[in-house]
Amino acid sequence: MTGPVLDVPVVIASNRGPVSYRDDGEGLVPVRGGGGLVSGLQPLVDSGQARWIAAALSDDDRAAAALGIPERSGPVHLLDVGVDDLTRYYDVVSNEVLWFLHHGLFDGAHTPTYTDEWHESWQAYRRVNDAFAHAVCEHSPTGAAVLVQDYHLTLLAPTVAAQRPDLRLVHFHHTPFAGPSEVRLLEPTALRELLDGLAAHHACGFHTDRWATNFLRCVEDRSLPAPRTFASTLSTDLGAIREVAASAECAAALARLEERVGDRFVIARVDRMELSKNVVRGFRAYDLLLRSRAELRGRVVFVAHCYPSRLGVPAYRDYRDLVVETVAEVNERWGDADWTPVLLELDDDFASSVATYRRYDALLVNPVRDGLNLVAKEGPAVNERDGQVVLSTEAGVWTELAGAVDEVNPFDLVGTAAALGATIDRTPTDRRARSEQLRRDAEARTPGDWLADQLRAAR
Ligand code: G6P
């Protein structure tokens, strides 16, 4: 993807940056970040048109930041906010509370609970946001558009607006946004500061109208002046994913996969091991399918790439254990010497995930709630089997793909089992027509369109 031509300088602020560092024994080597955010914004940085401010997230990142390595290799500034503040701001506030809030993961009966520990963590979140605000003020050229990304950085706008009125501030939220009743599960001081902070941007963007509307209703509830809001979905970088699909590494991974699955019908999923991704219910729905349709036993296989994520948070460690246990149960119940019903891959190996994208017959994407979900676009972009997609209505991407997917309510195991079964029963002609439509819908936009929408909002 080539970089857009900008009429103003751009500064990006996000928790995770475009590069991290790893000590390989001989020195600190840069590792380019993956994911939608980087593919959407990296072209700007590569073309020398933008600066990126992010947190130093590991010891190696902090060592690189102390030596000024990121700045020398590109216009990237890694902020060292200290390990204690980083843990509280990232693990406690961002992941245990804000992520749960916006994804509807609290159960009300036990969570959330705000103690002194929480208040200390909120202060750390404030301090980290302040550090970002000062870095933005210091590193932004006159008149720059500042693109602030996600729920980690909701508090910096009032400080930046006061110190640098020349800057245009856009916030883009990659998660869902909780509605006005749900958002009250957040501790009251934090809720007030968070909404004030977001409302201080010139514009706020979301992946779909649904999240933008929720945000506006929350702002109206507090009688705040609403910033301009917009919906703009991110898309797969087709060039990049096709390059991986065409690589020798991916071919080797596909050959290994073919050997394991043979000519069976492949149901697949590719996700972080994440509570909102609804991994466990996915396996339980598959279990139900095997229970209710004996003729499918031995003929299907579920290939699941679930790579561990945010292991600093106890709920994520428990969830990982539950996923592994559930897979063991399903395999124990139905498997035999010739057939393992679920193949669970825990390694974060993108080439082998892309090999599975090429081979699946049905892709299960069933989050309980999701800001967007790029997997539902990546799979169709490289699939070679007229693969079908079973998609949760609660994923932001659902509005874009609704016409060509099998939709499911993520909590409905019976419905999910039936939708998976329907993909197996579909005629080849129907499979082709749906997969072609799906590919067209999934490829309708580019990461550049998403970036352009943010820049437009900054004007
Ligand atoms: C996903 C979400 C983003 C979020 C990111 C953080 O990609 O869609 O909204 O910023 O996860 O992941 P991390 O591993 O940095 O916690």
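This report walks through two helix pairs, a ligand site and two unusual spots in the backbone. The structure is a predicted model, so keep that in mind as you look around.

**Two helices side by side**

Let's start with helix 11 (residues 279-292) and helix 12 (residues 314-334), whose axes lie 9 Å apart at an angle of about 10°. Because angles under 35 degrees count as roughly parallel, helix 11 is described as roughly parallel to helix 12. On the helix 11 side, the contact includes V279, V280, F283 and L290. Among their partners in helix 12 are Y319, L322, V323 and W334. If you sort the residues of this contact by kind, you get 11 nonpolar, 1 polar and 4 charged.

Just before helix 11 you can find N278, in the loop that joins strand 10 (265-272) to helix 11. N278 is not a glycine, yet its phi is positive, at about 65°. Most residues other than glycine have a negative phi.

**Two helices that cross**

Now look at helix 13 (residues 350-359) and helix 14 (residues 375-382). Their axes come within 8 Å and cross at roughly 65°. That angle makes helix 13 roughly perpendicular to helix 14, and the crossing of the two is right-handed. Which residues in helix 13 meet helix 14? They are F350, V354, Y357 and R358, and they meet V375, E378, G379 and V382. This contact of helix 13 with helix 14 divides into 5 nonpolar, 1 polar and 2 charged residues.

**Around the ligand**

The ligand is surrounded by R16, Y90, W99, D150, Y151, H152, H174, T175, R272 and R310. For three of these residues, the table gives the distance from a polar side-chain atom to an oxygen atom of the ligand.

| Residue | Ligand atom | Distance |
|---|---|---|
| R16 | oxygen | 2.7 Å |
| Y90 | oxygen | 2.5 Å |
| R310 | oxygen | 2.9 Å |

Y90 also lies within the range of helix 4 (83-102), so a walk along the chain from there brings us to the last stop.

**A cis peptide bond**

After helix 4 comes a loop that leads to helix 5 (116-139), and P112 lies in this loop. Is the peptide bond from T111 to P112 cis or trans? This bond is cis, with omega near 0°. Most peptide bonds are trans, which is a good reason to pause at this one when you explore the model.

Note on methods:
Residues numbered from 1 in each chain as written. Predicted model: local features only at pLDDT ≥ 70, side-chain atom pairs only at ≥ 80, totals over all residues. Heavy atoms only, no water. Axes fitted to C-alpha atoms, helices over the stretch in contact; angles between N-to-C directions. Helix = DSSP H or I, 4+ residues; strand = E, 2+ residues; numbered from the N terminus. Parallel < 35°, antiparallel > 145°, perpendicular 65-115°, else oblique. Left-handed = near helix turned anticlockwise from the far one by under 90°. Contact = heavy atoms within 4.5 Å. Nonpolar A, V, L, I, M, F, W, Y, C, P; charged D, E, K, R; others polar. Near = heavy atom within 4 Å. Polar contact = N/O pair within 3.5 Å; in protein donor to acceptor, adjacent residues only side chain to side chain.
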